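Thank you for making room on the agenda this morning. I would like to walk you through one structure, starting with a helix and then moving on to the packing and a small piece of sheet.

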Amino acid sequence: MLETLLDQEWVKIIIVILAGFLVGLDIKTHRIKKDSASEIGSVRTYAFIALVSYVFAKINIYLYLIGYIAIVAHLLLFYSKKLQNKKSGILLFLLTSLVYTFGIIIIRYDAWFLIVVFIAIVFISNLNQRLKKFYKVFDEREVETLAKVVLLSGVILPLLPRTNIHEYIPVSFFKVWLAVVVVSMFSYVGYILKRYIFKEKGYWLTGILGGMYSSTATTIVLAKKAMNSKSVDLFVSSIVIATAVMYLRLLGIAFAFNIGIADRLAIPFIVLALLTTLISIYFYHRARRDLNSNLNEEEDQNPLELGTAFLFAFMFIFLASLTHIVLSRYGDMGLNILSLVVGMTDIDPLVLSILSSKFNVTADAATTAILIATGSNNILKALYSYFFSKNKIGVISAICLIVLGLLTIGAGFII
């Protein structure tokens, strides 16, 4: 019904005129305090430009091009006048050119595309004040850092093979580089949040966001950044909150794949998630009391932590190989020992395998195995936390994670 209505010619004309009118109104609003020499016509002018573009494009493409040439000629005269007044901005030229495309856009594509273009114009044209504030704190080195992120994730990653490296190394170069990208991305997101958006909550939010994907990688990133920091409570709370989110993520995966096992995991995982969250909140509130003295004392000089990322990738390969050896001897060693070893790497594949009934075990045995693997992973994160920070932050975080790991493993044997 709606699509049929939008295909009507009279509806297209109304949309084109309205979009041109609103763009003109937006321009007028931003330039109301300036002299008329900085404007091209009135609000109606842009409505007429949009209408002319539709009529000319409908009649003939050559007529449409002639119309644009005429508009460009007028804009050149306008621009020469601006240069005489020592003004050189070309924003009005760009906006006028975009308004002139409204007609041919709605003819060759559809109304939705035109609406998206209109929204983009309004959004970008209203960024000026926000950008002025951003320029005051923007470091030109950010462009280079962003280029590195694009190179790592958008250029190199898609080119790597996805077949296993070797019979005894059951991971591909794609997965290894993905580990590099993940660690670097968490580091970069935390840096952006801390510097530009949430100065006092940046790393804490990094812990929450990182826990949704990999609490292990997030722990490594935060521990590395905590090496030279005096913000003890802030980093401890950030590292711990990633594990709290991990419990909820694994519980969500369980409910998606196997309700029976998920019901058994619900109570221990929810209790452990609440306990972990309370620990994180305790340290975070302590950090807020020291906001002025600690949270702003250092500037992050290594937003990507590439050295840490490559080290994590190496450990990922080593632990994956170790897991492969244990898997090959699964029948002799037992599921619980397997879970304990697999917990030292990425536990999601094991959890998904158990939930999908890949292992022929009872629901109770599967629940125990998942809890053991999760607790083992917490102990691994404790080791990472201390190894990468080597300070008080690492010690406190490690103690918290070891306690949580032992409680989780203990719950596995009790359930």
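What distance should the 23 residues of helix α21 span, and how far apart are its end C-alpha atoms? Please bear in mind that this is a predicted model. At 1.5 Å a residue, α21, which covers residues 392-414, should span 33 Å, and its end C-alpha atoms are indeed 33 Å apart, so the two values agree. At the N-terminal end of α21, Asn391 acts as a cap, with a side-chain oxygen placed 3.1 Å from the backbone nitrogen of Ile393.

Now to the packing. The largest nonpolar core holds 52 residues, and Leu265, Phe269 and Ile370 are those with the most contacts inside it. Among the elements that give two or more residues to this core are α13 (232-257), α14 (259-289), α20 (363-389) and the α21 we have just looked at, and it is α13 that gives the most, with 14 residues. If we take Leu265 and leave aside its neighbours within four places in sequence, we find it in contact with Leu251, Ala254, Thr367, Ile370 and Leu371. There is also a second, separate core, of 28 residues, which includes Val16, Val99, Tyr100 and Ile104.

Last, the strands. Strand β1, residues 164-166, and strand β2, residues 169-172, pair in the antiparallel sense over 2 bridges, and a hairpin of 2 residues joins β1 to β2. If you would like a residue to locate on the screen, take Asn164, whose bridge partner in β2 is Ser172.

Technical notes:
Residues numbered from 1 in each chain as written. Predicted model: local features only at pLDDT ≥ 70, side-chain atom pairs only at ≥ 80, totals over all residues. Heavy atoms only, no water. Helix = DSSP H or I, 4+ residues; strand = E, 2+ residues; numbered from the N terminus. Expected span 1.5 Å × (residues − 1). Polar contact = N/O pair within 3.5 Å; in protein donor to acceptor, adjacent residues only side chain to side chain. Core = buried A, V, L, I, M, F, W, Y, C linked by side-chain atoms within 4.5 Å. Buried < 20%, exposed > 50% of the residue type's maximum accessible area, 1.4 Å probe, protein only. Contact = heavy atoms within 4.5 Å. Pairing = 2+ DSSP bridges.
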